Every structure is written in C-alpha cells, then in structure tokens.
Amino acid sequence: MIRSSTALGIGSVFGAGLAAGGMTDPRIVLGFLDVTGAWDPRLLLVMSGALLVSALGFRLTRRRGHSFLGGQLQLPTLHQLDPRLIGGAALFGVGWGVAGYCPGPGLAALAINPLEALLFVPAMLAGSWLAKRLAPG
C-alpha cells in the first residue's frame, strides 16, 4: 500500500510539473522543436531542470545502493549503441516532432486536454505493443 501511495504521489507531482512546464501543450513543444522558424526556448529550462534533478537522483541512489523504498536498483548495463537503440531513439524523436507529445506528457495531457491526448495515447500503446511483438527473443 505504501509503495502504491508513494508511486501515485510521485506520479502526480511529475504530471503537475509537466503541466506547469508546458510539456503537456503540443504547441509549446512543437515551437521548441522548430529551431529554424519561430523557436520557443521555454522548454530548455524545463529540460535543464529535469536533467539536473535526474543527475542528482542517480548519484544519490547509486551511493545508497538501493531505492528509497528499499527496492533493488535496475540500472542500465548496455554501454554501446546498437541499431535497436538508435532506431528507437529516432522513432521517439519523429513521434515527438509529429505529435508534440512524448509518453509522460501524453498521459498527463489526458487530464488537461483529453480529446487531443486520446488520439495520442492509444497510438503510443499500440506502438509499445508492436515493439514487444517485433523484439527479438
């Protein structure tokens, strides 16, 4: 129960942060990605803040050797680029550029702009399902 409550609380704070930073508004995201046109730099601060918090969190957690709730850490072990990683990153970038959403903000947008997000979220879930079906092994 505590883990579920903690996850709900952290997810709610994360979603509120995405909304406050403008990440749930595809127009702001697409404006940020339009570097040769009417570039909107506001998300640069949001991304910089997220990178700082993430870097500090990883450093703190690695020192502890376990998560704050006592769970085992599952850090990435791959240290090289492979075609699957590059293809996935490219697909993510293209999807972000076309839709103006990435997974976290797309889910958070369900509470803010549900009609628009309802087009994105099923497509995201279908892509995730398809990726699992096509994955080797």
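In this predicted model, helix H4 runs for 17 residues and covers 24 Å from its first C-alpha to its last, close to the 24 Å expected at 1.5 Å a residue. Right after H4 comes Gly100, with a positive phi near 85°.

Ile86 sits within H4, which takes in residues 83-99. With a relative accessibility of 48%, Ile86 is classed as partly exposed, because that class lies between the 20% and 50% cut-offs. Ile86 also belongs to a nonpolar surface patch, joined there by Leu78, Leu81 and Leu85. Taken together, these four residues offer about 410 Å² of accessible area.

Over to Thr24, which is found in the loop that links helix H1 (2-20) to helix H2 (26-33). Thr24 has just 8% relative accessibility and so counts as buried, the limit for that label being under 20%. As for what packs around Thr24, its contacts beyond four places in sequence are Leu18, Ala19, Tyr101, Pro105, Ala108, Ala109 and Ile112.

Among those partners, Pro105, Ala108, Ala109 and Ile112 carry numbers that fall in helix H5, residues 103-112. Gly104 is part of H5 too. The C-alpha atoms of Gly104 and Thr24 are 8.6 Å apart, although 80 residues separate the two along the chain. Gly104 is partly exposed, since its relative accessible area is 25%. Setting aside neighbours up to four places off in sequence, Gly104 touches Phe14 and Leu18. Leu18 turns up in the contact list of Thr24 as well.

Methods. Residues are numbered from 1 along each chain as its sequence is written. This is a predicted model: local features need pLDDT of at least 70, side-chain atom pairs count only at pLDDT 80 or more; totals for chains, interfaces and linings use all residues. Side-chain values use heavy atoms; hydrogens and water are left out. Patches are made of residues with over 30% relative accessible area and no salt bridge: like charges are joined within 9 Å, nonpolar side chains (Val, Leu, Ile, Met, Phe, Trp, Tyr) within 5 Å. Accessible areas come from the Shrake-Rupley method with a 1.4 Å probe; for residues, only the protein chains shown count as cover. A salt bridge is a side-chain nitrogen of Lys or Arg within 4 Å of a carboxyl oxygen of Asp or Glu. Helices (H or I, at least four residues) and strands (E, at least two) are DSSP runs, numbered from the N terminus. Buried means under 20% relative accessible area, exposed over 50%, partly exposed in between (1.4 Å probe, protein chains only). The expected span of a helix is 1.5 Å times one less than its number of residues. Contact means heavy atoms within 4.5 Å.
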